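Got a model to poke at? Let's go through how it packs and pairs, one question at a time.

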Amino acid sequence: MTTQFDAIFHGLSPELGKFRIAASGMAWKGVDSDKMVAISSADIKWAQWLRVARNYQLRVGLKDRSREIFDGFGREDHDKLSQLLKQHFSVTLETKEVSFKGWNWGVTDFQGEDLAFLVSNKASFELPLSEVANSNIAGRTEVSLEFTTPSGSKKSKGAPDEMVEIRFYVPGTVNRDRGSDAGSQKSDDEEEVSAAQAFHDAIKEKAEIGQVAGDIILSFEEVLVLTPRGRYDVDMFPDFLRLRGKTYDYKIMYNSISRLFLLPKDDQHVLFILGLSTPIRQGQTRYQYLVMQFSREEEITAELNMSEEEVAQYDRLKKNYEDPTFEVVSGVFRALSKKKIIGAGSFTSHAGHPGIKANLKAVQGDLFLLEKYVFFVSKQPTLVELSDIHQVVFSRLGAGLGATAARTFDVKIVTKSGPEYTFTSINKEEHEGTEAYLKEKKVKVKNEMMEGELIMAGVDDEDEEMQSVASSGEEVPKPRGINDEEDSEDDEDFHVSDSDSGSPTEASSDDEGAQTASDASGDRDFIKKGKGKGKAAKKKAPAKDKADESDAEDDSKPKKAAPRPKPKPKKSDDAMDVDEEPPAKPKPKPKPKPKAKQDGGEEGPARKKIKKSD
């Protein structure tokens, strides 16, 4: 006699099915699919009844220490199930109490293949260790568990949300009774380790019991991984691969691998890159690409732990390998993940390599121009599809931008989806090849080389105009008056005697040099009685006549410009007086000198008064 229960779930699957119990055993079959689970009566060891989110759950334990879970039973089904299990399998249905307090502080306990969280000695929730993908220490006292995504590729619209990560706060320290070598990374003398580290190690050990419950097809030891950096052992399984490092372990499902790249880095090394749809994480950093590096000369001999029939089910998979390591690794990954390997395209750099050196922000890497992608390989690889590129802009070209910029150029990629990427410090010799490649792929290219040169040329023309105006002598007083009026008067008093010897052509040429250097440095040369005295005099002599006029006008401004015509005929006399006594004049401030001349019309009395005041 068979008893059937409808609308029952199996395990964590959202699919409804029918559950039947008979003397020969029990079975579940899905309604929408042909999936079926059958359990023989000889394998049933125990049974539990407990309250869960989807009504009540029947948990059946098997002799091989595994278990099967069926959810969706009603409260009224308890007595019927208890009677059937007792009648057919001689098993007592045990009722397991569940905590409903909602506390987030409790005790963790490993129960078979599950991690149970207990509150007041009652199970609050349980996590299947078979679904744990990664375990990381997020901080000193936090342990993060990440769960695998469903293996089914099809997702229904009404599918519920699923938890992908949970964190446990584990404070304190514990003593290691065994495995002291594992805890000797921090200190050899200390026997105590943090409770978070002990919990993390226990998760890795227990989770491997459920996850690696199968034969390893092939294992690669000490593989150099550039991103995330370190050396990892790569274990290949039929449905997933495991990266085992000193600190981090990762479980990566083959269906989460989106792309495979095999690109030559240089003449000695080859890069094998895995693109992941679900990034892995170290601390707070997520890695969407795994970059492995292999040497071209390294070879390996390997034999797959599979039968000939199993090998024949995969495309281009061989039983035995005796080839370079990168060919073996890429071939096994291609067969097990069922993804095509994307290699280097027809583009070659000026040096003959498929990649060119470039910088993205402050990160240096290799820029590969592939058939359908632009791939920047660095610590954080960046992939841009050619079909998503709106336009490519070349900039920083031409010798007018300086010696450094003339040897390099920038490439800005504007995508249709929004982000923009600017690759800088690319060798100038790669410009023609890069532009030809993009035009061949029918990518819109914009060249800002001419615009940059025109802008810089305009700036150079303005500089030349400013220098020519200064050399004509018309605008000389302005920069001198702005810098220091007192110094300019000292210069005039000190160098008037040289005005007759200097020619306008020599003075104009010297003026150009004075404009390019700072006026302050020129004034220091005047004050010092050094070797540059004669040259400095030639620089200032041609500007003396007009500078005296401007200085006289400036000094007469406070008197409303009334005495302007008076000092003009006395310019030469005043200048000659200043030349008679050159040693005493440069040191004191000469501002009161012109005022005394204007107040007194006679030259003699004015001189005597100045000397007395001094």
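## Cores, strands and a helix

Q: Which residues does Leu274 touch, leaving out those up to four places away in sequence?
A: Keep in mind that this is a predicted model. With residues up to four places away set aside, the contacts of Leu274 include Leu241, Ile257, Arg259 and Leu260. The rest of the list is Gln288, Tyr289, Leu290, Met292 and Phe333.

Q: Which element gives the most to the largest nonpolar core?
A: That core has 40 residues, and Met236, Leu241, Leu274 and Phe333 have the most contacts inside it. Several elements supply at least two residues each, among them strand S22 (269-282), strand S23 (285-295) and helix H4 (325-337). The top contributor, with seven residues, is H4.

Q: How many residues are in the other core, the one with Ile39 and Tyr56?
A: This core lies apart from the 40-residue one. Leu58 and Leu81 are also among its members. Its count is 23 residues.

Q: Why do the buried residues of H1 sit on the same side of the helix?
A: Helix H1 (residues 77-88) reaches 16 Å from its first C-alpha to its last, close to the 16 Å expected. Its buried residues are Asp77, Leu81, Leu84 and Leu85. They end up on the same side of H1 because they cover an arc of only 95 degrees around the axis.

Q: Which exposed residues are on the face of H1 turned away from its buried side?
A: The buried side has Asp77, Leu81, Leu84 and Leu85. Turn away from that side and you meet the exposed set: Asp79, Gln83, Lys86 and Gln87.

Q: In the open sheet of three strands, which are the edge strands?
A: The order is S9-S10-S11, and the pairing is antiparallel. S10 (residues 114-119) pairs with S11 over six bridges. An edge strand here pairs on one side only, which gives S9 (107-111) and S11 (122-128).

Q: Is strand S32 largely enclosed or open?
A: S32 covers residues 408-415, and seven of its eight residues are buried. Buried here means under 20% relative accessible area. So S32 is largely enclosed by the rest of the structure.

Q: Which residue in the turn of the S32 and S33 hairpin has a positive phi?
A: S32 and S33 (residues 420-427) pair in the antiparallel sense over six bridges, with Val411 matched to Phe423. Four residues lie between the two strands of the hairpin. The one with a positive phi, about 130 degrees, is Gly418.

Terms used
Residues are numbered from 1 along each chain as its sequence is written. This is a predicted model: local features need pLDDT of at least 70, side-chain atom pairs count only at pLDDT 80 or more; totals for chains, interfaces and linings use all residues. Side-chain values use heavy atoms; hydrogens and water are left out. A nonpolar core is a set of buried Ala, Val, Leu, Ile, Met, Phe, Trp, Tyr and Cys residues joined through side-chain atoms within 4.5 Å. Buried means under 20% relative accessible area, exposed over 50%, partly exposed in between (1.4 Å probe, protein chains only). Contact means heavy atoms within 4.5 Å. Two strands pair if DSSP finds at least two bridges between them. The expected span of a helix is 1.5 Å times one less than its number of residues. The arc is that of the directions from the helix axis to the C-beta atoms.
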